[in-house]
Amino acid sequence: MSASASEPVGLDRVDDEGYERGLKNRQISMMAIGGAIGVGLFLGAGAAIESSGPALIASYAVAGVVIFLIMRALGELLVYRPVSRSFADYAEEFLGRFPAFATGWVYWLMWVVTAMAEITAAGIYVQYWFPSIPQWVTAAVVLGALFLANLISVKVFGEFEFWFSMIKVVTIIGAILLGLAVIIFGFGPAGEAASFAHLWNQGGFFPNGGSSALLALQSVMFAYLGVELIGLTAGEAKNPEKVLPKAINNVVVRIAVFYVGALVVLLSLVPWTEFHKGESPFVRAFDAIGIHGAAGIIQFVVLTAALSSCNSGIYSTGRMLRTLAVQRSAPKPFAKLSSRKVPANSIYASAAVMAFGILINAVVPEKAFTYVTSVATVGVLWTWGVILLCQLRYRRKVNAGELPAAAFRMPGAPWTGYFGLAFLALVVVLLGFTEDTRIALYVTPVVGVVLAIGYRLSARHRVPADKASVTS
């Protein structure tokens with residue numbers, strides 16, 4: 001018999017995956033905040049400001065709306081059935097076997113290469129204080145320390161992520177409040193020149209035209225990578241049916257404050273023409289205020305941002321590889337949980353692949369970051385697209401009376417889902433307009449061929465998600 005469309009969905013739908021529900025409410029909430037704040041804002045925004053001017057604010061705002069819709073789509077699926085295997089499981093249920101296989105492996109690969117990029121970044125940041133330490137040494141130490149933290153228990157991972165996120169949040173809030181005080185009350189050496197009029201006085205709000213703001217969407221979307229990570233915490237969160245919707249609803253507030261708000265303040269303190277590629281906009285603004293030690297402060301913050309992303313990468317790849325093993329899309333030993341209820345074998349394997357990032361740092365340190373981020377860009381766009389497609393199929397089944405309706409629903413569906421998919425497709429097209437990002441389009445067909453071959457080889461061993469047994 002079909003489930004009633006009005007039947008409530010709650011804890012009885014939570015799959016017993018064998019994980020320990022050790023993530024506390026404060027950790028989930030702070031992870032949700034920290035997931036929306038990456039190195040891209042602290043370090044990479046300088047280049048985007050130089051090319052787009054104040055129009056970058058509009059790029060972050062529009063992209064932020066799309067990210068919020070994606071998170072609401074994920075939230076509806078999570079309340080319907082909260083599992084740590086979320087992306088691959090939902091793809092299996094609503095899209096089919098190959099999309100599930102591809103989603104699991106693409107997401108795993110995305111975080112593997114992102115972690116490579118972040119340990120690369122950590123090596124660069126540490127050289128600010130200790131220039132004699134080789135980049136690859138720092139990369140090895142960072143990967144080893146976070147690998148051990150994830151092996152111990154999910155509680156240790158959650159605590160690390162809580163404090164990493166706290167540092168980023170406090171820094172941005174402090175910068176915004178201090179900047180507003182300077183702009184409104186005229187404090188400090190930048191007080192007389194600081195003004196909201198900087199947002200339109202230097203050539204207007206779109207000084208380089210609308211096309212520059214459009215092209216900026218590539219880097220803007222990459223900056224939001226990681227917001228979907230909260231979906232993988234469902235199987236280890238306490239009270240997921242209450243905590244996850246609340247954290248997801250707050251995404252729009254976090255984006256408005258931490259991205260749009262921060263950029264408005266920074267570009268009001270200093271004219272956009274004074275921001276340049278390779279220079280943190282926060283360092284430039286702090287210098288204008290009179291905090292000349294800002295470079296060291298921001299360097300420390302971006303280091304914690306890199307550590308946070310790598311920590312998340314180890315966590316997410318371990319869970320996703322276990323999902324693939326449970327569905328017989330990866331070797332069976334990866335499905336096993338350790339006595340501490342963490343997927344130790346999957347974490348070992350993921351960290352071993354991430355270790356190639358250390359080799360890249362040793363061989364071509366100056367190109368390491370560019371090499372590894374190209375794959376992650378397409379990977380996250382694919383994952384977000386799958387989330388939207390799954391929500392559309394789920395809602396269609398709810399409307400047909402085939403599945404129970406979740407109490408937490410995506411607003412404006414299905415049209416908001418179609419809008420989100422069209423937006424993601426636009427970003428993929430825009431990747432081809434810039435030389436630095438075009439490599440992502442070259443890598444995509446190669447990844448697709450490898451996935452197709454892998455699927456054919458593993459198809460005879462795979463089992464549907466709803467029949468997969470969880471090995472502990």
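This report covers salt bridges, a pocket, a surface patch, a cis peptide bond and some long-range contacts in a predicted model.

## Salt bridges around Arg81

The count of salt bridges comes to four. Two of them involve Arg81. Its partner Asp89 has its closest O atom 3.4 Å from the closest N atom of Arg81. Glu93 also meets Arg81 in a salt bridge, at 2.8 Å from N to O. Glu93 lies in helix 4, which spans residues 86-94, while Arg81 sits in the loop between helix 3 (55-80) and helix 4, so the pair ties together parts that are 12 residues apart in sequence.

How buried or exposed are these side chains? Arg81 has a relative accessible area of 10%, under the 20% cut-off, so Arg81 counts as buried. Asp89 is buried too, at 0%. Glu93 reaches 30% relative accessibility, so Glu93 falls in the partly exposed class between 20% and 50%.

## Salt bridge between Glu402 and Lys397

Glu402 and Lys397 form another salt bridge, and their closest N and O atoms are 3.5 Å apart. Glu402 is partly exposed, with a relative accessible area of 40%. Lys397 is partly exposed as well, at 26%. Elsewhere, Arg81, Asp89 and Glu93 are joined into one network by salt bridges that share partners.

## The second largest pocket

What is the volume of the second largest pocket? The value is about 370 Å³. Its lining is made up of 20 residues. Nearest the centre of this pocket lie Val106, Val378, Gly379, Trp382 and Thr444.

Four helices each supply at least two residues of the lining: helix 5 (97-126), helix 17 (368-399), helix 18 (415-430) and helix 19 (435-458). What is the make-up of the lining by class? There are 16 nonpolar residues and four polar ones. The lining has no charged residues.

## A cis peptide bond before helix 18

Most peptide bonds are trans. The bond that joins Ala413 and Pro414 is cis, with omega at about 5°. Where does Pro414 lie? Pro414 is in the loop between helix 17 and helix 18. Both of these helices also contribute to the lining of the second largest pocket.

## A nonpolar surface patch

Which residues form the nonpolar patch on the surface? The members are Ile184, Phe185, Phe187, Phe196 and Trp200. Together they have about 590 Å² of accessible area.

Trp200 belongs to helix 8, residues 198-201. The relative accessible area of Trp200 is 51%, over the 50% cut-off, so Trp200 counts as exposed.

## Contacts around the patch and helix 8

Phe196, one of the patch residues, is paired in space with Leu267. The two are 71 residues apart in sequence, yet their C-alpha atoms are 7.9 Å apart. Leu267 is placed in helix 12, residues 251-269. Is Leu267 buried or exposed? Leu267 is buried, with a relative accessible area of 1%.

Gly203 sits in the loop between helix 8 and helix 9 (210-215). Gly203 is exposed, at 57% relative accessibility. Along the chain, Gly203 and Pro54 are 149 residues apart. In space, their C-alpha atoms are separated by 9.8 Å.

## Two buried positions in helix 14

Helix 14 covers residues 294-326 and includes Ala325. Thr317 lies in helix 14 too. Ala325 has a relative accessible area of 0%, under the 20% cut-off, so Ala325 is buried. Thr317 is likewise buried, at 0%.

Each has a partner further along the chain. Ala325 and Ser346 are 21 residues apart in sequence, with 9.0 Å from C-alpha to C-alpha. Thr317 and Ala349 are 32 residues apart along the chain, and their C-alpha atoms are separated by 9.2 Å.

Methods:
Residues numbered from 1 in each chain as written. Predicted model: local features only at pLDDT ≥ 70, side-chain atom pairs only at ≥ 80, totals over all residues. Heavy atoms only, no water. Patch = residues over 30% accessible without salt bridge, like charges linked within 9 Å, V, L, I, M, F, W, Y side chains within 5 Å. Areas by Shrake-Rupley, 256 points an atom, 1.4 Å probe, with all protein chains shown as cover. Salt bridge = Lys/Arg side-chain N within 4 Å of Asp/Glu carboxyl O. Buried < 20%, exposed > 50% of the residue type's maximum accessible area, 1.4 Å probe, protein only. 1 Å grid on protein atoms, 1.4 Å probe; cavity = no way out; pocket = protein on both sides within 12 Å on 5 of 7 lines; lining within 4 Å. Points joined across faces, edges and corners; volume = space filled by probe spheres on them. Nonpolar A, V, L, I, M, F, W, Y, C, P; charged D, E, K, R; others polar.
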